[in-house]
Amino acid sequence: MNNQRKNLRLFSRGSFQVLTFLLLFSPLFTRMFRENVLLYVMFSLIILLFDLIIEYILIKKRGSAPQSYMAFFQTVCMPVNVFLLCLFYIAG
């Protein structure tokens with residue numbers, strides 16, 4: 001029997017990239033993070049959940065290789081993420 005392990009490259013996944021962006025860069029650009037951390041965490045979780053759902057759907061339809069779905073993932077998720085970050089900024 002051949003047991004093949006699929007290599008999971010976490011850094012190439014779109015959801016991980018978006019989560020890294022949220023954790024590293026969003027607090028630098030929003031005053032809301034300092035004032036209301038719970039609201040920041042809530043918006044971050046909404047964005048991450050949306051990205052994970054989109055990524056899961058794309059993996060099921062296009063395959064698990066990030067090269068096959070990353071461009072479409074970014075096209076769908078980036079406008080929604082920017083909209084949610086703007087909403088987050090306005091809410092503060």
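Okay, disulfides to start: the count here comes to zero. Keep in mind that this is a predicted model. For anyone who wants the reminder, a disulfide is a covalent bond between the sulfur atoms of two cysteines. And the cut-off behind that zero is a pair of cysteine sulfur atoms within 2.5 Å.

So where do the cysteines sit, buried or exposed? Cysteine 77 has 1% relative accessibility, so it counts as buried. Cysteine 86 comes out at 41%, and therefore goes down as partly exposed.

Right, on to helix packing. We describe two packed helices by the angle between their axes and the distance between the axes.

Take helix 1, residues 14-24, against helix 4. Their axes come within 9 Å, and the crossing angle is roughly 165°. That makes the two helices, 1 and 4, roughly antiparallel, because anything over 145 degrees goes in that bin. The handedness of this crossing is right-handed. Who's touching whom? On the helix 1 side you've got Gly14, Ser15, Val18, Leu19, Leu22 and Leu23, and helix 4 brings in Tyr40, Ser44, Ile47, Leu48, Asp51, Leu52 and Glu55. Sorted by type, that contact has eight nonpolar residues, three polar and two charged.

Now the other side of the story, helix 4 with helix 5. Helix 4 covers residues 37-62 and helix 5 covers 66-91; their axes come within 10 Å and cross at roughly 165°. So helix 4 runs roughly antiparallel to helix 5. This crossing is right-handed too. As for what lines the contact, I get 20 nonpolar residues, two polar and three charged.

That's my bit, happy to take questions.

Notes:
Residues numbered from 1 in each chain as written. Predicted model: local features only at pLDDT ≥ 70, side-chain atom pairs only at ≥ 80, totals over all residues. Heavy atoms only, no water. Axes fitted to C-alpha atoms, helices over the stretch in contact; angles between N-to-C directions. Parallel < 35°, antiparallel > 145°, perpendicular 65-115°, else oblique. Left-handed = near helix turned anticlockwise from the far one by under 90°. Nonpolar A, V, L, I, M, F, W, Y, C, P; charged D, E, K, R; others polar. Contact = heavy atoms within 4.5 Å. Buried < 20%, exposed > 50% of the residue type's maximum accessible area, 1.4 Å probe, protein only.
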